[in-house]
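Subject: Structure handover

Hi,

Here is the structure I promised to pass on. Please open it alongside this note. My findings follow below.

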Amino acid sequence: MKIIEAVIMRSALDDFSRCARQLGIFGFDLSEENCTLQDHHQRLAVASERTRNTTARLKVDFAVLDQETKPTVHAVLESVHPDSISIFKFDQDTRPGSATNRTAIHP
């Protein structure tokens, strides 16, 4: 499995929800994206052109099967135009201390 993390504009949340439904993704985590001080100053400079709600960014995380990763990322890029998108390997069977997570070192 893969975890996909996308940073989107708050105004694109409806587009993401619609895209997720079409892809069969019915559950995802949503959180406010933390910004750096530089980002904050850039947002203040743009504040006269846009409202805070349209410039706020959200992070969405969801899981997909390995074979669905490429088409899912492509659909999200086309539909939502995220600021960034990341893909992480997720092995649901690996737990800390389990036999599959240990590495044997032989001299």
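First, the helix pair. Helices α1 and α4 cross with a right-handed sense. Keep in mind that this is a predicted model.

The contact itself draws on both helices. From α1 come Asp15, Phe16, Cys19 and Leu23. From α4 come Thr72, Ala75, Val76, Ser79 and Val80. Sorted by class, the α1 contact with α4 has six nonpolar residues, two polar and one charged.

Now the geometry. α1 covers residues 13-23 and α4 covers residues 69-80. They pack at an angle of about 150°. Their axes lie 9 Å apart. Angles over 145 degrees count as roughly antiparallel, so that is how α1 runs relative to α4.

Next, the sheet. It is open and has four strands. Their order is β2-β3-β1-β4, and the pairing is antiparallel. Which strands stand at the edges? They are β2 (29-32) and β4 (84-89). Each has a single partner strand, so one side of each is left without a neighbour in the sheet. On average, neighbouring strands are turned by 20° against each other, direction ignored.

One strand pair to look at is β1 with β3. β1 spans residues 2-9 and β3 spans residues 57-64. The two run antiparallel, and eight bridges join them. For a landmark, find isoleucine 8: leucine 58 in β3 stands opposite.

Over to you.

Best wishes

Conventions. Residues numbered from 1 in each chain as written. Predicted model: local features only at pLDDT ≥ 70, side-chain atom pairs only at ≥ 80, totals over all residues. Heavy atoms only, no water. Pairing = 2+ DSSP bridges. Axes fitted to C-alpha atoms, helices over the stretch in contact; angles between N-to-C directions. Parallel < 35°, antiparallel > 145°, perpendicular 65-115°, else oblique. Left-handed = near helix turned anticlockwise from the far one by under 90°. Contact = heavy atoms within 4.5 Å. Nonpolar A, V, L, I, M, F, W, Y, C, P; charged D, E, K, R; others polar.
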